[in-house]
Structures are given as C-alpha cells and as structure tokens.
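Please look through the sequence and the model shown here, and then read the short report that follows.

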Amino acid sequence: MRTYLESYLNLGFMEGTDKTRPECVICREKLANDSMKPCKMKRHQQTMHPETVGRDRDFFIKKQQLAKANKPMDIRTAFVRAGSDVQKATEASFECALLIAKAKKPHNIGEQLIKPACIKMVEKLCGPQVAEKLKTVPLSNNTVKDRIDKMASNCELQLLEKLGKGPFAIQLDETTTVADEAVLIVYVQYIDGKI
Ligand SMILES: [Zn+2]
C-alpha cells in the first residue's frame with residue numbers, strides 16, 4: 001500500500017477521502033493506489049493540465065481548498081441540485097448506486113449490466129439520441145463504491161444528529177462472523193418528529 005506524501009501537492013494531487021488514492025485538485029479525478037508515485041501523477045498533470053506544470057505550492061494549496069469546499073457535504077444537496085444534464089446524470093448515478101446497495105449486488109454490476117441494459121432498452125423505446133444521454137451517467141465500479149460510501153456516511157451523520165437531540169433507548173447484542181470476528185450490534189430507538 002502506497003501512502004500519500006505532502007510533496008505530491010506540488011504535482012496537483014491531494015490525499016483522497018479514503019486515504020488510499022491520490023485525488024487531482026484540478027479535475028477531482030482519483031487515481032488508483034498504485035499511481036501514488038510522482039511519475040504517474042506527473043503524467044496526469046502534463047497530459048490533463050499542462051498549464052499547471054511548475055506552478056508554486058500556493059497555487060495548488062488554493063486549488064485544494066477550493067476542491068475541498070466544493071465537496072458535497074450532504075446527499076440531499078447532491079440530489080436537489082438538478083438543472084443541468086451533468087447534475088441529472090449524477091443524481092441518476094446516486095439513485096442507481098442506492099438500488100445496487102439495497103439489492104446487495106457487487107459494485108461492478110452498474111457498468112457490466114445495468115448501464116448497458118438501460119441503454120439497449122432506451123435505444124429501442126426512445127431512440128438512439130436519448131440513449132446517448134444515458135451514456136453520461138457515471139456508473140463505474142469505483143463511482144458506485146464512492147456513492148454508496150457517501151450515502152452511508154450521510155445516514156450515519158443524520159442518525160448521530162438525531163440521537164444528539166433527545167433521549168433514546170439502547171440495546172446491545174454480540175455475535176461473530178464466519179471468519180470468527182467479533183461483532184457488536186447496537187440498536188437504538190428514538191422518537192423522530194412529533195407524536
Ligand atoms: Zn486532473
């Protein structure tokens with residue numbers, strides 16, 4: 001496992017939210033963990049953002065702050081932001097990731113089955129132009145994983161927020177997985193809204 005070094009910011013890369021992948025501060029693309037080496041990052045910078053080569057550290061610090069500030073903190077903001085096609089495609093990608101998570105299917109089912117199947121169906125029913133639009137919905141393995149992680153942490157945040165507001169009952173249970181790992185299950189009951 002390669003780890004992030006502060007000096008990589010000079011090549012336009014900050015540490016990704018999952019701590020394992022470098023994230024471009026310009027286009028927000030996340031490279032794979034094995035690309036966490038200067039030559040790979042340099043190549044991205046030279047081919048994708050040649051205008052940033054050799055800029056000073058302050059330039060990248062500003063870009064990093066901007067990139068971090070733009071991070072959608074709330075799933076709802078990501079959903080509400082409709083309007084442009086790109087935003088609609090993002091919304092569709094979240095909806096689809098939620099379905100994949102609920103069905104407990106592997107993350108790659110999005111790119112391997114769901115997207116091509118949707119494109120075929122829409123092509124038949126609505127024509128090739130509408131089908132073209134579907135191709136803009138991001139559903140790669142990594143995207144689906146990221147979407148699910150974001151929604152999960154948002155659910156957790158919402159729960160913590162609600163538990164912080166009033167009394168709740170707690171119930172604990174323990175079990176082990178097939179691999180003999182200990183698992184602690186915490187059930188909380190609380191009143192949400194008015195009664
Ligand atoms: Zn980039």
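## Zinc site

Along the chain, the donors of the zinc ion are spaced as C-x2-C-x16-H-x4-H, where donors are N, O and S atoms within 2.8 Å of the metal (3.2 Å for Na, K and Ca), with water not among the atoms, so that sites may look incomplete. Coordination of the zinc ion comes from Cys 24 (SG), Cys 27 (SG), His 44 (NE2) and His 49 (NE2), at 2.0 to 2.3 Å. The arrangement is tetrahedral because the four donor atoms subtend angles of 107 to 112° around the zinc ion, and four donors count as tetrahedral if all angles lie between 85 and 135 degrees.

Cys 24 counts as buried, at 1% relative accessibility, whereas Cys 27, with a relative accessible area of 32%, is partly exposed; buried means under 20% relative accessible area, exposed over 50%, and partly exposed in between (1.4 Å probe, protein chains only).

## Basis of the model

This is a predicted model, in which local features need pLDDT of at least 70 and side-chain atom pairs count only at pLDDT 80 or more, while totals for chains, interfaces and linings use all residues. Residues are numbered from 1 along each chain as its sequence is written, and side-chain values use heavy atoms, with hydrogens and water left out.

## Domains

The domain assignment of the protein gives domain 1 (6-69) and domain 2 (75-144), with bounds that come from an automatic or database domain assignment. Taken over C-alpha atoms, the centres of domain 1 and domain 2 are separated by 27 Å.

Definitions and conventions: Four donors count as tetrahedral if all angles lie between 85 and 135 degrees; four count as square planar and six as octahedral if opposite donors are over 155 degrees apart and all others between 65 and 115; anything else is irregular.
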